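Welcome! Please take a moment to look over the sequence and the model before reading on.

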Amino acid sequence: MSRHHEGLTGRGRARTAASDEDVLATLREIVGAEHVLVDEARVEPYASDAVKEKFPPEAVLLPQTADEVAAIIKLANERGFPVTARGGGVGYTGGAVPIEGGVVIGTDRMNRIRTIQADDLYVITEPGVTTYALQQAVEAVGLFYPPDPASYKTSFIGGNIAENAGGIRSAKYGVTKHYVLGLEVVIPTGEIIRTGGLTSKNVVGFDLTGLICGSEGMLGIITEATLRLLPLPEATRTVRATFRTMTEACACVPRFNRARVMPVAIEVLDRNAIAAVETEFAFGFGQDAGALLLVSVDGHASEVERDALIIESVVREGGGFDVMRSESREEEERLWDVRRAISPALKKFGTMKFNEDVVVPRSRVPELVARVEEIGRRHDTFVVNFGHAGDGNIHVNFMCDRDDTEAMRRARAAVRDTFALSVELGGTISGEHGIGYVKAPYLDMALGAATIDAMKLIKRALDPNGILNPGKMFV
Ligand SMILES: Cc1cc2nc3c(=O)[nH]c(=O)nc-3n(C[C@H](O)[C@H](O)[C@H](O)COP(=O)(O)OP(=O)(O)OC[C@H]3O[C@@H](n4cnc5c(N)ncnc54)[C@H](O)[C@@H]3O)c2cc1C
């Protein structure tokens with residue numbers, strides 16, 4: 001299936017099918033016949049991402065070098081077929097699926113970590129390394145790569161950079177872009193460029209590294225990344241507490257900083273999220289649990305003990321009850337089980353989960369959650385809120401049944417109202433998952449016309465033939 005689209009060039013230029021035999025023959029010369037997949041069964045795993053809508057590519061190409069990627073892109077420009085890059089394929093906005101047909105470039109074989117430089121605190125890696133494998137490799141030599149999307153076991157570094165992924169450690173350490181020092185990128189006309197370098201200070205020319213981070217595979221294909229590392233913190237501790245209200249729980253967040261503690265993670269669950277995990281897994285939460293906070297700290301062992309005690313006293317003073325503080329790694333893991341239980345617990349509330357990731361200034365989280373509950377009531381849709389209270393990025397989940405057309409319509413209306421609310425509160429429609437094709441219809445709720453036009457100009461300048469990941473971000 002492919003959607004006809006005139007592409008960003010607006011010229012409606014006829015595209016040559018990538019599956020034409022002479023095109024396939026050239027692609028086989030470029031990457032080797034065994035790395036060009038056309039059989040339905042072998043192409044199938046590349047047809048969808050976490051959105052689960054299927055758009056099978058005409059062919060999947062598995063190059064191993066930047067030169068091979070560049071040759072594919074040059075051919076795509078000559079013959080006019082779309083190219084979509086793919087990492088681990090666990091994006092939440094359809095970024096890696098070829099909605100206008102053409103080929104998918106899978107980065108599965110570009111999976112080597114090239115070097116880890118401990119003294120200079122960087123790692124050079126190919127894009128097809130999973131986030132987890134990279135974390136493990138650097139931790140083995142006492143170093144730390146903080147970005148930690150929950151999909152870390154399957155997402156690739158290339159996909160993380162293209163989506164500018166965040167995670168629970170963002171409260172202290174920021175998001176992927178804060179760790180990207182330099183990139184090798186095949187731009188949409190087939191040239192190979194290098195951005196940034198090996199150093200954290202580098203102000204030569206435009207910040208093209210920053211431009212590529214979060215560009216959702218539309219401005220170039222990342223073939224190598226140099227990532228900043230930190231020393232691995234010696235210890236971590238977690239405090240968990242329940243509160244009567246979301247307002248009470250969230251009021252603790254700025255108080256941690258006023259007490260001169262910078263938690264790694266501050267996660268919050270609302271009443272419905274607690275009820276869902278309680279029904280499914282019986283953690284022992286009572287009816288009075290209206291919100292739950294999980295707060296982690298890291299650093300030197302002695303510092304971490306002190307910070308955990310400060311966190312504990314702040315949550316107690318703020319009205320927290322059933323307060324628990326981990327004393328060991330095992331206890332810490334058990335405290336976090338409740339957060340990991342949410343996704344499986346939500347399955348009983350519907351076959352369809354509209355999992356949004358809106359973000360607001362963190363002091364507005366209680367208002368966001370209260371008004372989202374009201375939106376849920378107005379559209380007769382069950383809603384569960386949880387997420388990153390430390391950076392204001394809340395996962396708003398509207399639940400319904402996929403086969404119930406009317407319920408799906410109401411949930412979509414609730415999503416639109418939630419996006420409008422996030423913008424009204426000074427935030428925006430996505431903190432982590434990006435736009436892809438799923439959120440493209442809402443882009444103008446978050447950005448002004450002139451801003452969108454500036455983005456389109458950049459896209460056209462770099463991709464005059466509109467071959468790279470067409471049909472995404474802009475409707
Ligand atoms: C269970 C689950 C939990 C998640 N948790 C989080 C979370 O905590 N935080 C978060 O931020 N996100 C999260 N996500 C969303 C998603 O995992 C992230 O966006 C992740 O970065 C996607 O990586 P990927 O390798 O799967 O990319 P893909 O889905 O394969 O691709 C995503 C985009 O990147 C582009 N791309 C991929 N590789 C390259 C490359 N080499 N060069 C240029 N463009 C490329 C693609 O074209 C596409 O537009 C979660 C998803 C799931 C399913």
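Here is a short tour of the ligand's surroundings, followed by a look at one sheet.

Please keep in mind that this is a predicted model.

**Around the ligand**

Let us start with the ligand and its neighbours. A shell of 33 residues surrounds the ligand, and the closest are Ala85, Gly87, Gly88, Val90 and Ser151. Sorted by class, this shell holds 13 nonpolar, 16 polar and 4 charged residues.

Some polar backbone atoms of the protein pair up with atoms of the ligand, as the table shows.

| Ligand atom | Partner in the protein | Distance |
|---|---|---|
| oxygen atom | polar backbone atom of Gly88 | 2.7 Å |
| oxygen atom | polar backbone atom of Ala150 | 2.8 Å |
| nitrogen atom | polar backbone atom of Gly166 | 2.9 Å |

On its own, the ligand has 980 Å² of accessible area, and the protein covers 92% of it. The elements that each give two or more residues to the shell are β3 (83-86), α5 (157-163) and β10 (221-228). Of these, which gives the most to the shell around the ligand? That is α5, with 5 residues.

**A sheet that includes β3**

Strand β3 also belongs to an open sheet of 4 strands, which run in the order β1-β2-β4-β3 with mixed pairing. Because β1 (36-37) and β3 stand at the edges with a single partner strand each, one side of each has no neighbour in the sheet.

Further inside that order, strand β2 (residues 59-61) pairs with strand β4 (residues 103-106) in the parallel sense, over 3 bridges. To find one of these links, look for Val60, whose bridge partner in β4 is Val104.

Terms used
Residues numbered from 1 in each chain as written. Predicted model: local features only at pLDDT ≥ 70, side-chain atom pairs only at ≥ 80, totals over all residues. Heavy atoms only, no water. Near = heavy atom within 4 Å. Polar contact = N/O pair within 3.5 Å; in protein donor to acceptor, adjacent residues only side chain to side chain. Areas by Shrake-Rupley, 256 points an atom, 1.4 Å probe, with all protein chains shown as cover. Nonpolar A, V, L, I, M, F, W, Y, C, P; charged D, E, K, R; others polar. Pairing = 2+ DSSP bridges.
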